[in-house]
Amino acid sequence: MHSFGHRANAVATFAVTILAAMCFAASFSDNFNSPSPTASVKILNINWFQKESNGNDEVSMTLNISADLSSLFTWNTKQVFVFVAAEYETPQNALNQVSLWDGIIPSKEHAKFLIHTTNKYRFIDQGSNFKGKDFNLTMHWHIMPKTGKMFADKIVMTGYRLPEQYR
Amino acid sequence: MLVQIVSLGMIVTSALIIWKGLIVVTGSESPVVVVLTGSMEPGFKRGDILFLHMSKDPIRTGEIVGREIPIVHRVIKVHEHQESAEVDILTKGDNNLEDDRFLYAHGQLWLQQHHIMGRAVGFLQYVGWVTIFKVCLFFLNTPIDLEIKQWLPFIVHSDRCTGLTGHI
(Lines give C-alpha, C1' and ligand atoms only; values in the text may rest on other atoms or scores of the structure.)
Protein backbone atom coordinates (compact mmCIF):
# COMPACT_ATOMS: atom_id res chain seq x y z
CA MET A 1 0.00 0.00 0.00
CA HIS A 2 2.99 2.27 0.35
CA SER A 3 5.04 1.30 -2.64
CA PHE A 4 6.71 3.98 -4.69
CA GLY A 5 4.15 3.54 -7.42
CA HIS A 6 1.18 4.07 -5.12
CA ARG A 7 2.74 7.12 -3.52
CA ALA A 8 3.70 8.63 -6.84
CA ASN A 9 0.20 8.04 -8.09
CA ALA A 10 -1.37 9.65 -5.01
CA VAL A 11 0.87 12.71 -5.27
CA ALA A 12 0.28 13.09 -8.97
CA THR A 13 -3.46 12.79 -8.65
CA PHE A 14 -3.58 15.31 -5.83
CA ALA A 15 -1.36 17.74 -7.71
CA VAL A 16 -3.47 17.53 -10.83
CA THR A 17 -6.65 18.04 -8.82
CA ILE A 18 -5.27 21.14 -7.12
CA LEU A 19 -4.02 22.54 -10.42
CA ALA A 20 -7.38 21.93 -12.03
CA ALA A 21 -9.12 23.72 -9.17
CA MET A 22 -6.74 26.67 -9.56
CA CYS A 23 -7.39 26.81 -13.28
CA PHE A 24 -11.09 26.78 -12.64
CA ALA A 25 -10.80 29.58 -10.08
CA ALA A 26 -8.66 31.66 -12.44
CA SER A 27 -11.19 31.23 -15.20
CA PHE A 28 -14.06 32.05 -12.84
CA SER A 29 -12.41 35.34 -11.89
CA ASP A 30 -12.85 36.49 -15.48
CA ASN A 31 -16.58 36.77 -14.86
CA PHE A 32 -16.01 39.79 -12.65
CA ASN A 33 -14.56 41.84 -15.48
CA SER A 34 -17.01 44.34 -17.02
CA PRO A 35 -15.41 45.54 -20.22
CA SER A 36 -16.17 48.76 -22.12
CA PRO A 37 -14.63 48.40 -25.57
CA THR A 38 -15.00 50.86 -28.42
CA ALA A 39 -14.49 50.41 -32.12
CA SER A 40 -14.98 52.12 -35.45
CA VAL A 41 -14.33 51.17 -39.05
CA LYS A 42 -14.10 53.58 -41.97
CA ILE A 43 -14.06 52.55 -45.60
CA LEU A 44 -11.49 54.87 -47.12
CA ASN A 45 -11.63 53.62 -50.68
CA ILE A 46 -13.17 51.00 -52.93
CA ASN A 47 -10.11 49.79 -54.82
CA TRP A 48 -12.00 47.69 -57.34
CA PHE A 49 -15.35 46.02 -57.71
CA GLN A 50 -15.84 43.30 -60.32
CA LYS A 51 -17.75 40.18 -61.21
CA GLU A 52 -15.43 37.18 -61.36
CA SER A 53 -15.40 34.70 -64.22
CA ASN A 54 -17.29 32.22 -61.99
CA GLY A 55 -20.14 34.72 -61.62
CA ASN A 56 -19.41 35.83 -58.07
CA ASP A 57 -18.99 39.49 -57.16
CA GLU A 58 -15.81 40.59 -55.49
CA VAL A 59 -14.80 43.91 -53.98
CA SER A 60 -11.51 45.15 -52.60
CA MET A 61 -11.54 47.97 -50.05
CA THR A 62 -9.10 49.99 -48.00
CA LEU A 63 -10.20 50.32 -44.39
CA ASN A 64 -9.29 52.29 -41.31
CA ILE A 65 -9.97 50.04 -38.34
CA SER A 66 -9.62 51.59 -34.92
CA ALA A 67 -10.53 50.25 -31.50
CA ASP A 68 -9.79 50.39 -27.83
CA LEU A 69 -10.08 46.89 -26.41
CA SER A 70 -7.87 47.34 -23.36
CA SER A 71 -10.76 46.86 -20.93
CA LEU A 72 -11.14 43.27 -22.15
CA PHE A 73 -7.83 42.19 -20.68
CA THR A 74 -7.64 40.54 -17.28
CA TRP A 75 -4.73 38.89 -15.51
CA ASN A 76 -5.98 35.61 -17.00
CA THR A 77 -5.96 36.85 -20.60
CA LYS A 78 -3.43 35.35 -22.98
CA GLN A 79 -4.50 37.20 -26.09
CA VAL A 80 -7.50 38.73 -27.77
CA PHE A 81 -8.30 37.58 -31.28
CA VAL A 82 -10.11 40.38 -33.11
CA PHE A 83 -11.64 40.34 -36.56
CA VAL A 84 -13.89 42.51 -38.68
CA ALA A 85 -16.60 40.76 -40.69
CA ALA A 86 -18.99 42.10 -43.28
CA GLU A 87 -22.56 40.89 -42.77
CA TYR A 88 -25.28 41.17 -45.35
CA GLU A 89 -28.35 39.45 -46.75
CA THR A 90 -29.03 38.31 -50.31
CA PRO A 91 -32.03 36.70 -51.95
CA GLN A 92 -30.34 33.29 -51.83
CA ASN A 93 -28.70 33.58 -48.43
CA ALA A 94 -30.43 34.74 -45.25
CA LEU A 95 -27.08 35.65 -43.75
CA ASN A 96 -23.59 36.03 -45.12
CA GLN A 97 -20.65 36.66 -42.87
CA VAL A 98 -17.30 37.26 -44.49
CA SER A 99 -14.24 37.97 -42.40
CA LEU A 100 -12.29 40.84 -43.96
CA TRP A 101 -9.47 41.28 -41.49
CA ASP A 102 -8.22 39.69 -38.34
CA GLY A 103 -5.44 40.22 -35.88
CA ILE A 104 -4.09 39.07 -32.58
CA ILE A 105 -3.65 41.46 -29.68
CA PRO A 106 -1.02 39.89 -27.45
CA SER A 107 -1.27 42.30 -24.51
CA LYS A 108 -3.15 45.23 -23.04
CA GLU A 109 -0.56 47.69 -24.34
CA HIS A 110 -1.42 46.74 -27.93
CA ALA A 111 -5.17 46.86 -27.38
CA LYS A 112 -5.67 50.46 -28.52
CA PHE A 113 -4.91 50.57 -32.21
CA LEU A 114 -5.56 52.12 -35.58
CA ILE A 115 -4.96 49.92 -38.62
CA HIS A 116 -4.87 51.14 -42.19
CA THR A 117 -5.25 48.14 -44.47
CA THR A 118 -6.87 46.58 -47.50
CA ASN A 119 -9.09 43.60 -46.72
CA LYS A 120 -6.93 40.69 -45.67
CA TYR A 121 -9.41 38.09 -46.91
CA ARG A 122 -11.21 38.34 -50.18
CA PHE A 123 -14.70 39.75 -50.00
CA ILE A 124 -16.50 37.46 -52.43
CA ASP A 125 -20.21 36.85 -52.67
CA GLN A 126 -21.96 33.57 -53.41
CA GLY A 127 -23.55 35.05 -56.47
CA SER A 128 -23.75 38.53 -57.90
CA ASN A 129 -25.57 40.64 -55.33
CA PHE A 130 -23.09 43.33 -54.38
CA LYS A 131 -24.22 46.27 -56.48
CA GLY A 132 -25.69 48.89 -54.15
CA LYS A 133 -25.68 46.37 -51.32
CA ASP A 134 -26.16 47.61 -47.76
CA PHE A 135 -24.04 45.79 -45.23
CA ASN A 136 -22.90 45.88 -41.61
CA LEU A 137 -19.33 45.75 -40.42
CA THR A 138 -19.05 43.91 -37.17
CA MET A 139 -15.95 43.83 -35.01
CA HIS A 140 -15.82 40.52 -33.15
CA TRP A 141 -13.35 39.58 -30.48
CA HIS A 142 -12.46 36.36 -28.72
CA ILE A 143 -10.79 36.64 -25.38
CA MET A 144 -8.50 33.63 -25.21
CA PRO A 145 -7.58 33.00 -21.60
CA LYS A 146 -4.41 31.66 -20.09
CA THR A 147 -6.70 28.95 -18.84
CA GLY A 148 -10.40 28.13 -18.91
CA LYS A 149 -13.45 29.62 -20.53
CA MET A 150 -13.24 31.73 -23.67
CA PHE A 151 -15.44 34.80 -23.99
CA ALA A 152 -16.58 36.33 -27.23
CA ASP A 153 -18.54 39.46 -28.07
CA LYS A 154 -18.94 42.00 -30.84
CA ILE A 155 -19.82 45.55 -31.85
CA VAL A 156 -22.09 45.95 -34.87
CA MET A 157 -21.57 49.01 -37.07
CA THR A 158 -24.28 49.62 -39.61
CA GLY A 159 -24.74 51.90 -42.54
CA TYR A 160 -22.19 50.76 -45.09
CA ARG A 161 -23.06 50.45 -48.75
CA LEU A 162 -21.31 49.11 -51.82
CA PRO A 163 -21.26 51.13 -55.03
CA GLU A 164 -24.08 50.83 -57.54
CA GLN A 165 -21.69 50.12 -60.41
CA TYR A 166 -18.66 47.92 -60.98
CA ARG A 167 -15.36 49.78 -61.23
CA MET B 1 -2.88 -10.68 -10.23
CA LEU B 2 -6.64 -10.94 -10.41
CA VAL B 3 -7.00 -7.88 -8.18
CA GLN B 4 -4.82 -5.89 -10.55
CA ILE B 5 -6.82 -6.95 -13.57
CA VAL B 6 -10.09 -6.05 -11.88
CA SER B 7 -8.86 -2.64 -10.73
CA LEU B 8 -7.53 -2.01 -14.20
CA GLY B 9 -10.92 -2.93 -15.59
CA MET B 10 -12.61 -0.55 -13.17
CA ILE B 11 -10.33 2.34 -14.14
CA VAL B 12 -10.95 1.74 -17.79
CA THR B 13 -14.70 1.42 -17.47
CA SER B 14 -15.00 4.55 -15.33
CA ALA B 15 -12.97 6.44 -17.92
CA LEU B 16 -15.39 5.16 -20.52
CA ILE B 17 -18.40 6.22 -18.47
CA ILE B 18 -16.99 9.72 -17.98
CA TRP B 19 -16.17 9.92 -21.67
CA LYS B 20 -19.61 8.87 -22.83
CA GLY B 21 -21.21 11.14 -20.26
CA LEU B 22 -19.23 14.08 -21.64
CA ILE B 23 -20.41 13.24 -25.14
CA VAL B 24 -24.03 13.41 -24.00
CA VAL B 25 -23.60 16.59 -21.97
CA THR B 26 -21.67 18.54 -24.58
CA GLY B 27 -23.51 17.21 -27.61
CA SER B 28 -20.19 16.67 -29.35
CA GLU B 29 -18.78 13.36 -30.55
CA SER B 30 -15.36 14.38 -29.37
CA PRO B 31 -15.78 16.66 -26.39
CA VAL B 32 -12.11 16.81 -25.49
CA VAL B 33 -9.42 17.11 -28.13
CA VAL B 34 -5.67 17.41 -27.88
CA VAL B 35 -4.08 20.15 -29.93
CA LEU B 36 -1.62 18.46 -32.27
CA THR B 37 -0.18 21.22 -34.42
CA GLY B 38 0.83 24.83 -34.17
CA SER B 39 -1.74 26.08 -36.63
CA MET B 40 -3.67 27.99 -33.97
CA GLU B 41 -0.71 29.56 -32.21
CA PRO B 42 -0.16 31.61 -30.18
CA GLY B 43 -3.64 30.92 -28.84
CA PHE B 44 -3.46 27.13 -28.67
CA LYS B 45 -0.20 25.27 -28.58
CA ARG B 46 0.65 21.61 -29.15
CA GLY B 47 -0.23 19.60 -26.09
CA ASP B 48 -3.10 21.81 -24.91
CA ILE B 49 -6.53 20.30 -24.59
CA LEU B 50 -9.70 21.92 -25.84
CA PHE B 51 -13.25 21.43 -24.61
CA LEU B 52 -15.80 21.27 -27.40
CA HIS B 53 -19.50 21.90 -27.07
CA MET B 54 -22.08 21.50 -29.82
CA SER B 55 -25.49 23.09 -30.04
CA LYS B 56 -28.05 23.40 -32.79
CA ASP B 57 -27.34 27.14 -33.10
CA PRO B 58 -26.04 27.90 -36.57
CA ILE B 59 -22.30 28.36 -36.90
CA ARG B 60 -21.13 31.96 -37.12
CA THR B 61 -17.80 33.58 -38.00
CA GLY B 62 -15.20 33.70 -35.28
CA GLU B 63 -16.24 30.46 -33.66
CA ILE B 64 -13.47 27.94 -33.27
CA VAL B 65 -14.80 24.62 -34.49
CA GLY B 66 -13.60 21.03 -34.65
CA ARG B 67 -14.29 18.37 -37.27
CA GLU B 68 -14.21 14.54 -37.34
CA ILE B 69 -10.48 14.59 -37.93
CA PRO B 70 -9.90 16.82 -34.96
CA ILE B 71 -8.77 19.97 -36.69
CA VAL B 72 -9.90 22.86 -34.56
CA HIS B 73 -9.80 26.07 -36.56
CA ARG B 74 -11.62 29.37 -36.70
CA VAL B 75 -14.59 30.08 -38.97
CA ILE B 76 -13.84 33.02 -41.24
CA LYS B 77 -16.74 32.87 -43.67
CA VAL B 78 -20.39 31.90 -43.30
CA HIS B 79 -23.10 31.85 -45.94
CA GLU B 80 -26.53 30.81 -44.68
CA HIS B 81 -29.08 29.89 -47.32
CA GLN B 82 -32.54 31.45 -47.18
CA GLU B 83 -34.83 28.49 -47.68
CA SER B 84 -32.95 25.63 -46.13
CA ALA B 85 -31.05 27.48 -43.36
CA GLU B 86 -28.08 25.33 -44.40
CA VAL B 87 -24.78 27.04 -43.75
CA ASP B 88 -21.62 27.10 -45.89
CA ILE B 89 -18.54 27.52 -43.71
CA LEU B 90 -14.90 28.28 -44.41
CA THR B 91 -12.26 27.77 -41.71
CA LYS B 92 -8.65 28.79 -41.23
CA GLY B 93 -6.03 28.21 -38.60
CA ASP B 94 -5.01 31.49 -36.95
CA ASN B 95 -1.35 30.74 -37.57
CA ASN B 96 -1.77 29.56 -41.16
CA LEU B 97 -1.41 31.89 -44.10
CA GLU B 98 -4.04 30.11 -46.15
CA ASP B 99 -7.58 29.04 -45.39
CA ASP B 100 -8.41 25.37 -44.98
CA ARG B 101 -9.55 24.61 -48.52
CA PHE B 102 -6.39 22.57 -49.06
CA LEU B 103 -7.56 20.30 -46.22
CA TYR B 104 -11.07 19.80 -47.47
CA ALA B 105 -12.01 16.95 -49.82
CA HIS B 106 -11.02 17.44 -53.42
CA GLY B 107 -13.30 20.01 -55.02
CA GLN B 108 -14.99 20.86 -51.74
CA LEU B 109 -15.10 24.60 -51.10
CA TRP B 110 -17.24 24.75 -47.97
CA LEU B 111 -18.01 22.82 -44.81
CA GLN B 112 -21.56 22.33 -43.60
CA GLN B 113 -22.94 22.31 -40.08
CA HIS B 114 -22.99 18.50 -39.98
CA HIS B 115 -19.22 18.40 -40.48
CA ILE B 116 -18.71 20.32 -37.26
CA MET B 117 -18.23 18.36 -34.07
CA GLY B 118 -18.26 21.22 -31.65
CA ARG B 119 -17.19 24.73 -30.77
CA ALA B 120 -14.17 25.28 -28.55
CA VAL B 121 -15.45 26.83 -25.33
CA GLY B 122 -12.51 26.41 -23.02
CA PHE B 123 -9.04 25.00 -22.79
CA LEU B 124 -6.29 23.86 -20.48
CA GLN B 125 -2.63 24.23 -21.29
CA TYR B 126 -0.22 21.31 -21.38
CA VAL B 127 -2.74 18.80 -20.02
CA GLY B 128 -2.76 17.01 -23.36
CA TRP B 129 0.82 15.89 -22.84
CA VAL B 130 -0.04 14.54 -19.40
CA THR B 131 -2.88 12.47 -20.76
CA ILE B 132 -0.80 11.01 -23.53
CA PHE B 133 2.12 10.15 -21.32
CA LYS B 134 -0.02 8.59 -18.63
CA VAL B 135 -1.78 6.25 -20.99
CA CYS B 136 1.35 5.39 -22.89
CA LEU B 137 3.48 4.62 -19.88
CA PHE B 138 0.82 2.40 -18.42
CA PHE B 139 0.12 0.39 -21.51
CA LEU B 140 3.26 0.62 -23.55
CA ASN B 141 3.84 -2.34 -25.74
CA THR B 142 1.00 -4.40 -24.34
CA PRO B 143 -1.91 -5.80 -26.31
CA ILE B 144 -4.18 -3.58 -24.23
CA ASP B 145 -2.52 -0.56 -25.85
CA LEU B 146 -4.56 -0.80 -29.02
CA GLU B 147 -7.87 -1.37 -27.26
CA ILE B 148 -7.42 1.68 -25.07
CA LYS B 149 -6.77 3.83 -28.11
CA GLN B 150 -10.09 2.69 -29.43
CA TRP B 151 -11.92 3.67 -26.27
CA LEU B 152 -10.15 6.96 -25.75
CA PRO B 153 -10.61 8.58 -29.13
CA PHE B 154 -9.21 11.91 -28.09
CA ILE B 155 -5.76 10.40 -28.15
CA VAL B 156 -5.39 10.58 -31.86
CA HIS B 157 -2.43 10.14 -34.08
CA SER B 158 -0.25 8.74 -31.35
CA ASP B 159 1.17 5.66 -33.00
CA ARG B 160 4.17 5.88 -30.81
CA CYS B 161 4.24 7.21 -27.29
CA THR B 162 7.46 9.03 -27.91
CA GLY B 163 6.00 11.42 -30.42
CA LEU B 164 2.90 12.57 -32.19
CA THR B 165 2.29 12.18 -35.86
CA GLY B 166 -0.11 14.31 -37.79
CA HIS B 167 0.90 17.18 -40.03
CA ILE B 168 -2.30 19.11 -40.22
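These notebook entries record what I looked up in a predicted model with chains A and B.

**Entry 1. Chain B overall**

I began with the make-up of chain B. Its secondary structure amounts to 3 helices and 6 strands, and along the sequence these elements follow the order α-β-β-β-β-β-β-α-α. I noted that 48% of the 168 residues of chain B count as buried. For contacts in chain B between residues at least 6 apart in sequence, I found that 53% join residues at least 24 apart. The exposed area of chain B is about 9,100 Å², and 65% of that area is supplied by carbon and sulfur atoms.

**Entry 2. B:T91**

I then looked up a single residue of chain B. B:T91 sits in strand 5 of chain B. Is B:T91 buried or exposed? Its relative accessibility is 2%, and the cut-off for buried is under 20%, so B:T91 counts as buried. Setting aside residues up to four places away in sequence, I listed its contacts as B:V65, B:H73, B:R74, B:V75, B:I76, B:D99, B:D100, B:Y104 and B:L111. I also took one separation along the chain: B:T91 and B:S7 are 84 residues apart in sequence, and their C-alpha atoms are 44 Å apart in space.

**Entry 3. The second largest pocket**

I turned to the second largest pocket, whose volume is about 480 Å³. Its lining comprises 24 residues. Which of them lie nearest its centre? I recorded A:R122, A:I124, B:K77, B:D99 and B:R101, and I note that B:D99 is also on the contact list of B:T91. Two elements give two or more residues to the lining, namely strand 4 (72-81) and strand 5 (87-92) of chain B. Strand 4 of chain B gives the most, with 3 residues. Sorted by class, the lining holds 11 charged, 7 nonpolar and 6 polar residues.

**Entry 4. Nonpolar cores**

The largest nonpolar core has 32 residues. Within this core, the residues with the most contacts are A:M61, A:L69, A:F113, A:F123, A:F135 and A:M139. Which strands of chain A each supply at least two residues of the core? I found strand 1 (38-51), strand 2 (57-68), strand 3 (77-88), strand 4 (93-105), strand 7 (134-145) and strand 9 (151-161). Another core lies apart from it and has 15 residues, including A:F83, B:V35, B:M40 and B:L52.

I followed A:L69 further. Beyond residues up to four places away in sequence, A:L69 touches A:P37, A:T38, A:V82, A:I105, A:A111, A:F113 and A:W141.

**Entry 5. A:F151**

A:F151 belongs to strand 9 of chain A. I read its relative accessibility as 23%; partly exposed lies between the 20% and 50% cut-offs, so A:F151 falls in that class. Outside its neighbours within four places in sequence, A:F151 is in contact with A:D30, A:N31, A:W141, A:H142 and A:I143. For the contact with A:D30, I noted that the two residues are 121 apart along the chain, with 9.1 Å between their C-alpha atoms.

**Entry 6. A:I104 and the cis bond in chain B**

A:I104 is placed in strand 4 of chain A. At 32% relative accessibility, A:I104 counts as partly exposed. What does A:I104 contact, leaving aside its neighbours within four places in sequence? I listed A:Q79, A:V80 and A:F81, together with B:E41 and B:P42 of chain B. The C-alpha atoms of A:I104 and A:W141 are separated by 9.5 Å, and these residues are 37 apart along the chain.

I then checked B:E41 and B:P42 themselves. A cis peptide bond joins them, with omega about -5°. Most peptide bonds are trans. B:P42 lies in the loop between strand 1 (32-34) and strand 2 (49-53) of chain B.

**Entry 7. A:K120**

My last look-up was a loop residue of chain A. A:K120 is located in the loop between strand 5 (112-118) and strand 6 (123-124) of chain A. Its relative accessible area is 45%, and A:K120 is therefore partly exposed. With neighbours within four places in sequence left aside, A:K120 is in contact with A:L100, A:W101 and A:D102. A:G159 is 39 residues from A:K120 along the chain, and I recorded 21 Å between their C-alpha atoms.

How values were computed. Residues are numbered from 1 along each chain as its sequence is written. Chains are lettered from A and ligands numbered from 1 in the order in which they are written. This is a predicted model: local features need pLDDT of at least 70, side-chain atom pairs count only at pLDDT 80 or more; totals for chains, interfaces and linings use all residues. Side-chain values use heavy atoms; hydrogens and water are left out. On a 1 Å grid over the protein atoms alone, a cavity is a set of points where a 1.4 Å probe fits but cannot get out, and a pocket is an open set with protein on both sides within 12 Å along at least five of seven lines; lining residues have an atom within 4 Å of a point. Grid points are joined across faces, edges and corners, and a volume is the space filled by probe spheres set on the points. Helices (H or I, at least four residues) and strands (E, at least two) are DSSP runs, numbered from the N terminus. Ala, Val, Leu, Ile, Met, Phe, Trp, Tyr, Cys and Pro count as nonpolar, Asp, Glu, Lys and Arg as charged, and the others, Gly among them, as polar. A nonpolar core is a set of buried Ala, Val, Leu, Ile, Met, Phe, Trp, Tyr and Cys residues joined through side-chain atoms within 4.5 Å. Buried means under 20% relative accessible area, exposed over 50%, partly exposed in between (1.4 Å probe, protein chains only). Contact means heavy atoms within 4.5 Å. Accessible areas come from the Shrake-Rupley method with a 1.4 Å probe; for residues, only the protein chains shown count as cover.
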